[in-house]
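Trainee: I would like to learn how to read the features of a model, from the whole chain down to single residues. Could we work through one together?

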Amino acid sequence: MAGQSATSERTVSDPTGGPGIAALWRPFTFGGHGLHSRVVVAPMSRVSTGGDGVPTSAMCDYYRAFARGGFGLVVTEGTYTASRLSQAYTDQPGLLTESQADGWRRVTDAVHEDGALIVAQLMHGGALSQSLTDTLAPSVVQPRGKKMPEYGGSGSYPLPTAMTDADVAEAIAGFATSARLAAAAGFDGVEVHAANGYLLDQFITDYTNLREDRYGGSPGDRARVVAEAVTAIRAATGADLLVGVRLSQAKVNDARHRWQDRAEAAAVLQTVAGARPDYLHLASEGKPWTDSGVLPDHTPLGRLARELTGLPVMVNGGLDDPALAAQVLDDGHADLVSLARGALANPDWPYRVRAGDALRSFHPGMITPVATVANTQHFLANLDRA
């Protein structure tokens, strides 16, 4: 397609290993699950169900493509949980009914058939719902920014209602119920979405959490709800299901936010790690991880998390370049790297890199005007025909 930057490609000079990218292909085991590479598909909102929260056949093909393309682990888009007002997008998939679990079973079977593991990201939108007019949050605080049109939103977010103790307990129980359904649907694990400005991150963030109870105040107390969600999931599913937690400093509606200092970061990380998840998934917005995955004093967040918690750490953000992704691993910033835009543009990113084939660059047209599977596939098909 003329005039589209997505047609720009480059050739990887070191496709099979050596000092450049060998770290990407080292096997890794966590939570009793083995991976054939350190490269993971990051969660990406696709708003592609028929409004019933049930994954479609197109979504099944979408996730299967990553497994066929050589990724060892796929983390799904954020999936709303079995609790009130958790849905963030109109056509978001869910995990609170048997029909939704059956739909996901088709996806997990497809991914497993092509040799990858798959983890369901469990998400409560909280105050950042694109579709709900009534929302819940830790406190009555107007969300920053505007809704996202690519996810069906427009205008300002509604002013949320502060959650009662019963609301918090229901949200925690919702994560556990959805995790149990995820296990029944054949998922290898679940990832608790406590990042990017959604409900659990709203508890962690100082300016969205003004509570004076056990879930507010110090950074450790603000992160307590995340640890309790992990504990509830463990109690509901046992030890076999992989359980991860995604955390971030930045948010979809506040990309510049950072934790204040090392002490705040340490309190959040150690509180969450105290519930003994199998891994931490640290995300950034926009810039390469080496620029955005740092604290205000330039402490590398991934390395700090590994040192403080002893848990495997996955990092995400601007790691589409194979050499940079391998450097992050070699330099001790992480055990695993996850790709979003790079994977969206190249569902076969691992195979392309290992073969020395050119990589497509991400183009905004892949997720605009709407971030659906159909829109992405249409864009890529036109690109291939160009």
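Mentor: We go from the whole chain to the cores, then to one strand and two residues. This is a predicted model, in which local features need pLDDT of at least 70, side-chain atom pairs count only at pLDDT 80 or more, and totals for chains, interfaces and linings use all residues. Residues are numbered from 1 along each chain as its sequence is written, and side-chain values use heavy atoms, with hydrogens and water left out.

Trainee: How many helices and strands does the protein chain have?

Mentor: Helices (H or I, at least four residues) and strands (E, at least two) are DSSP runs, numbered from the N terminus. The protein chain has 14 of each. Its radius of gyration is 19 Å, close to the 21 Å that the globule rule gives for 386 residues, so the chain is as compact as a globular protein of that length. That radius is taken over C-alpha atoms, and the rule is 2.2 Å times the number of residues to the power 0.38. Along the principal axes, the C-alpha atoms fill a box of roughly 55 × 45 × 40 Å.

Trainee: What percentage of the 386 residues count as buried?

Mentor: Buried means under 20% relative accessible area, exposed over 50%, and partly exposed in between, using a 1.4 Å probe and protein chains only. Here 61% of the residues count as buried.

Trainee: Which residues have the most contacts inside the largest nonpolar core?

Mentor: In soluble globular proteins, nonpolar side chains tend to be buried together. A nonpolar core is a set of buried Ala, Val, Leu, Ile, Met, Phe, Trp, Tyr and Cys residues joined through side-chain atoms within 4.5 Å. The largest one has 106 residues, with Leu24 and Leu247 making the most contacts inside it. Helix H4 (residues 165-184) supplies the largest share of this core, seven residues. Another core, of twelve residues, lies apart from it and includes Leu35, Val75, Val119 and Met314.

Trainee: What is Leu247 in contact with?

Mentor: Contact means heavy atoms within 4.5 Å. Leaving aside neighbours within four places in sequence, the partners of Leu247 include Ala194, Ile204, Trp259, Val268, His281 and Leu282.

Trainee: Which residues of S11 lie on one side and which on the other?

Mentor: Tyr279, His281 and Ala283 are on one side, Leu280 and Leu282 on the other, and all are buried. Strand S11 spans residues 279-283, and five of its five residues are buried.

Trainee: In what sense do S10 and S11 pair?

Mentor: Two strands pair if DSSP finds at least two bridges between them. Strand S10 (residues 242-251) pairs with S11 in the parallel sense over five bridges. The chain passes from S10 through helix H8 (residues 262-273) to S11 in a right-handed β-α-β crossover. Right-handed means that, with the strands pointing away from the viewer, the path from the first strand over the helix to the second runs clockwise. Within the S10 pairing, Leu280 in S11 is the bridge partner of Val245. S11 is also joined by four bridges to strand S12 (residues 313-316), and these two run parallel. There, His281 stands opposite Met314.

Trainee: Is Ala273 buried or exposed?

Mentor: Ala273 counts as buried, at 5% relative accessibility. Ala273 is found in helix H8 and touches Thr309 and Leu311, not counting residues up to four places away in sequence.

Trainee: Where is Gln87 found?

Mentor: Gln87 is in the loop between strand S5 (73-80) and helix H3 (98-113). Leaving aside neighbours within four places in sequence, Gln87 is in contact with Tyr80, Gln92, Ser129 and Leu132.
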